[in-house]
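Subject: Structure handover

Hello,

Here is the structure for your work, with notes on what was found in it. Please look through the sequence and the model before reading on.

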Amino acid sequence: GLGMSADGSRLLVSGGEDECIYTFAHKDGYLSDRKTIQVVDKEDEFVVSGVVPVGNGRVIVCGLLSDAIRLVNLDDAATELTVQFPEESFPYTAVLDSSASFAYVSLWGKSQVAKVDLRSGEIVGQFETRSHPTEMHLLDDDKLLLVACSNQNSIVLLDTASGQQREVIQTALYAEAANGSTPSSLCVSP
């Protein structure tokens, strides 16, 4: 995963099986000053997937194989909060609401999105999606959540208040396209 700080001064890159985050200073279109932030010991099976800047030098780190997310301080690599999900959830990435109080976490292995209160660490909602939810995008003042579902060639539109699916958008390039061919990601133009 990739993440950019809100002020654009720092790029965060998932270290995957190296169990770390790489950070780079960003200025005038150039990257410099690479640093490595070790999230867990290299022998652990965390596997850093999504990295989502929260602000104040903190980042949400999704641990694909550990079924957990961590809120990590980038200055000292300290874990401030850990949220554990059920076995084989495989948290892929997260997206923050506009207040940075809640994170929506795509649970690739459970066909769900979990809503997590970042102040308490509680899972306050679980929303059904289609198979293998990956990247997400909040819309309409955080009232709607688009979720790419990579194993069913679709995007699910969720109501964040009720958790209900409002629409399923088929994204297959052609009618006979194999499941899992599109999409793993999504982008919304302004």
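The notes below go through the sheets, the hairpins, the pocket, the cysteines and two single residues.

Please keep in mind that this is a predicted model.

Sheets

One open sheet consists of four strands in the order E5-E6-E7-E8, and the pairing is antiparallel. E5 and strand E8 (79-84) are its edge strands, each pairing on one side only. On average, neighbouring strands in this sheet are turned by 20° against each other, with direction ignored. Within the sheet, E5 pairs with strand E6 (residues 58-63) in the antiparallel sense over five bridges. In that pair, Pro 53 is the residue opposite Val 59 in E6.

A further open sheet has four strands in the order E13-E14-E15-E16, again with antiparallel pairing. Here the edges are strand E13 (133-139) and strand E16 (165-170), each of which pairs on one side only. Its neighbouring strands are turned by 20° against each other on average, direction ignored. Strand E15 (residues 154-159) runs antiparallel to E16 and is joined to it by five bridges. Ser 154 is placed opposite Gln 170 in E16.

Strand E11 and its two hairpins

Strand E11 (residues 112-117) has antiparallel partners in E10 and E12. With strand E10 (residues 102-107) the pairing covers six bridges, and Ser 106 stands opposite Val 113 in E11. These two strands make a hairpin with four residues between them, and Ser 111 in the turn has a positive phi of about 55°.

With strand E12 (residues 123-128) the pairing covers five bridges, and Lys 115 stands opposite Gly 125 in E12. The hairpin of E11 and E12 has five residues between the strands, and Gly 121 takes a positive phi near 80° there.

How much of E11 is covered? The strand is mostly covered, with six of its six residues buried. In a regular strand, side chains alternate between the two faces of the sheet. For E11, both faces are covered: one side holds Gln 112, Ala 114 and Val 116, the other holds Val 113, Lys 115 and Asp 117, and all of these are buried. The buried set thus includes Lys 115 and Asp 117, which may be worth a look when you go through the model.

Pocket

The largest pocket has a volume of about 740 Å³. Its lining is made up of 32 residues, and those nearest its centre are Leu 2, Gly 3, Val 51, Val 52 and Pro 53. By class, the lining divides into 17 nonpolar, 11 polar and four charged residues.

Which strands contribute to the lining? Strand E1 (2-4), strand E2 (10-14), strand E5 (48-55), strand E9 (91-96) and E13 each supply at least two residues. E5 gives the largest share, seven residues. E5 is also an edge strand of the sheet E5-E6-E7-E8, and E13 is an edge strand of the sheet E13-E14-E15-E16. Pro 53, one of the residues nearest the pocket centre, is the residue that stands opposite Val 59 in E6.

Cysteines

The structure holds zero disulfides. Why is there no bond at Cys 20? The closest cysteine sulfur, in Cys 62, is 15 Å from the sulfur of Cys 20, which is too far for a bond. The cut-off for a disulfide is a pair of cysteine sulfur atoms within 2.5 Å. For Cys 62 the closest cysteine sulfur is that of Cys 20, at 15 Å, so it is likewise too far for a bond. Cys 20 counts as buried because its relative accessibility is 2%, and Cys 62 counts as buried at 0%.

Two single residues

Ile 69 belongs to strand E7 (residues 68-73). Its relative accessibility is 3%, so Ile 69 counts as buried. Ile 69 and Asp 142 are 73 residues apart in sequence, and their C-alpha atoms are 21 Å apart in space.

Is Pro 86 buried or partly exposed? Pro 86 has a relative accessibility of 43% and therefore counts as partly exposed. Pro 86 lies in the loop between E8 and E9. Its C-alpha atom is separated by 9.7 Å from that of Leu 107, and the two residues are 21 apart along the chain.

Regards

Notes:
Residues numbered from 1 in each chain as written. Predicted model: local features only at pLDDT ≥ 70, side-chain atom pairs only at ≥ 80, totals over all residues. Heavy atoms only, no water. Pairing = 2+ DSSP bridges. Axes fitted to C-alpha atoms, helices over the stretch in contact; angles between N-to-C directions. Buried < 20%, exposed > 50% of the residue type's maximum accessible area, 1.4 Å probe, protein only. 1 Å grid on protein atoms, 1.4 Å probe; cavity = no way out; pocket = protein on both sides within 12 Å on 5 of 7 lines; lining within 4 Å. Points joined across faces, edges and corners; volume = space filled by probe spheres on them. Nonpolar A, V, L, I, M, F, W, Y, C, P; charged D, E, K, R; others polar.
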